[in-house]
Amino acid sequence: MPPRSTPAARQRRLGSELRRLREESGTSVRQAAGLLGVDRTRIPNIESGQTEAHARAVFGVADPPLAEPELQDRLALRMARRQVFARERPPLYEAVVHEAALRMRFGGPGVVREQLEHVLAQSERERTTILVIPFSAGGFPGSGQSFTYAAAALSRLDTVQLDSSHGSALIDSGPTLTRYRGLLERLRALALPEAASRDFIRTVVRDLRPLAQTGERHEHPRGRLRGHL
């Protein structure tokens, strides 16, 4: 029988219980991985059932709705691209995420909580940095878009990927790359420090737990849990 692409309810319940026991014992993701003799990425995968449910919820509000084959293709790409972080030496990764993205309720509080706990686990990786821009930072340029800046060994080979409701676009012109490099610097300046950002995400997760326990669901028609890179 092929493995499930989406975890069953019992799998999610078991994962939640394992995560609770690990946190109560004061064991970090890195320590748990060492004790089990597995890569650190295995721990959040075990505890959260993966985050396909969140990706499905995000793609599920596309307008017009995605046909099932396209939805499956996007899910497969989203899940497969995470494997780059399972390499022996993964790339340096930095994400700058606005508080509004953290508080979106795609799929309901339970799905979002698992997604954010996965983000927290990833933030403990040596080559990963996740920064949060809180509401208190006010307005800033680029707040209405999500983009990925892929830096190459030679700066002239850098590429920016822009995400929109119509799909993705790749940009590699020199002046545009310079503009986005400057934008990244401004975003970093507005964000909380790394440790404070991690604590901020934990606060959002704690706010979600009472809702998840009561089964209450809150869904927004727009938005996404995507950071700036």
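Here is a walk through this predicted model, from the whole chain down to a few helices and single residues.

Let's start with the big picture. The protein chain has 9 helices and 5 strands. If you read along the sequence, the elements come in the order α-α-α-α-α-β-α-α-β-β-β-β-α-α. Of the 229 residues in the chain, 40% are buried. The chain exposes about 13200 Å² of surface, and carbon and sulfur atoms supply 54% of that. As for how the chain folds back on itself, take the contacts between residues at least 6 apart in sequence: 73% of them join residues at least 24 apart.

Now find helix H7, which covers residues 109-123. H7 has 15 residues and runs 21 Å from its first C-alpha to its last, close to the 21 Å you'd expect at 1.5 Å a residue. How many of its residues are buried? The count is 14 of the 15, so H7 is largely enclosed by the rest of the structure. Gly-110 belongs to this helix, and with a relative accessible area of 26% it is partly exposed, since being buried takes a value under 20%. Gly-110 also shows how distant parts of the sequence meet up: Val-205 is 95 residues away along the chain, yet the two C-alpha atoms are 9.7 Å apart in space.

Next, look at helix H8, residues 174-190. Its 17 residues should span 24 Å at 1.5 Å a residue, and the end C-alpha atoms are 25 Å apart, which agrees. In H8, the buried residues are Leu-177, Tyr-180, Leu-183, Leu-184 and Leu-187. They cover an arc of only 120° around the axis, so they sit on the same side of H8. The spacing makes sense if you recall that an α-helix has 3.6 residues a turn, so residues three or four places apart point the same way. Turn to the face away from that buried side and you'll find the exposed residues Pro-175, Arg-179, Arg-186 and Ala-189. One of these, Arg-179, places its charged end over the ring of Tyr-180, 4.9 Å from the ring's centre. While we're on rings, the count of aromatic pairs in the model comes to 1.

Just past H8, keep going into the loop that leads to helix H9 (194-214), and you'll meet Ala-191. Is this loop residue buried or exposed? Its relative accessibility is 14%, so Ala-191 counts as buried. Leaving out residues up to four places away in sequence, Ala-191 touches Val-96, Leu-131, Val-132 and Ile-133. Take Leu-131 from that list: Leu-131 and Ala-191 are 60 residues apart in sequence, but their C-alpha atoms are 5.9 Å apart.

That brings us to strand E2, which runs over residues 128-133 and includes Thr-128. Thr-128 is buried, with a relative accessible area of 5%. What does Thr-128 contact, once its neighbours within four places in sequence are set aside? The partners are Tyr-93, Gln-122, Ser-123 and Glu-194. Two of these tie back to elements we've already visited: Ser-123 is the residue where H7 ends, and Glu-194 is where H9 starts.

Terms used:
Residues are numbered from 1 along each chain as its sequence is written. This is a predicted model: local features need pLDDT of at least 70, side-chain atom pairs count only at pLDDT 80 or more; totals for chains, interfaces and linings use all residues. Side-chain values use heavy atoms; hydrogens and water are left out. Helices (H or I, at least four residues) and strands (E, at least two) are DSSP runs, numbered from the N terminus. The expected span of a helix is 1.5 Å times one less than its number of residues. Buried means under 20% relative accessible area, exposed over 50%, partly exposed in between (1.4 Å probe, protein chains only). The arc is that of the directions from the helix axis to the C-beta atoms. Rings of Phe, Tyr and Trp (its six-membered ring) pair if their centres lie within 6.5 Å; planes under 30 degrees apart count as stacked, over 60 as edge-to-face and the rest as tilted. A charge sits over a ring if NZ of Lys or CZ of Arg is within 6 Å of the ring centre and within 35 degrees of the ring normal. Contact means heavy atoms within 4.5 Å. Accessible areas come from the Shrake-Rupley method with a 1.4 Å probe; for residues, only the protein chains shown count as cover.
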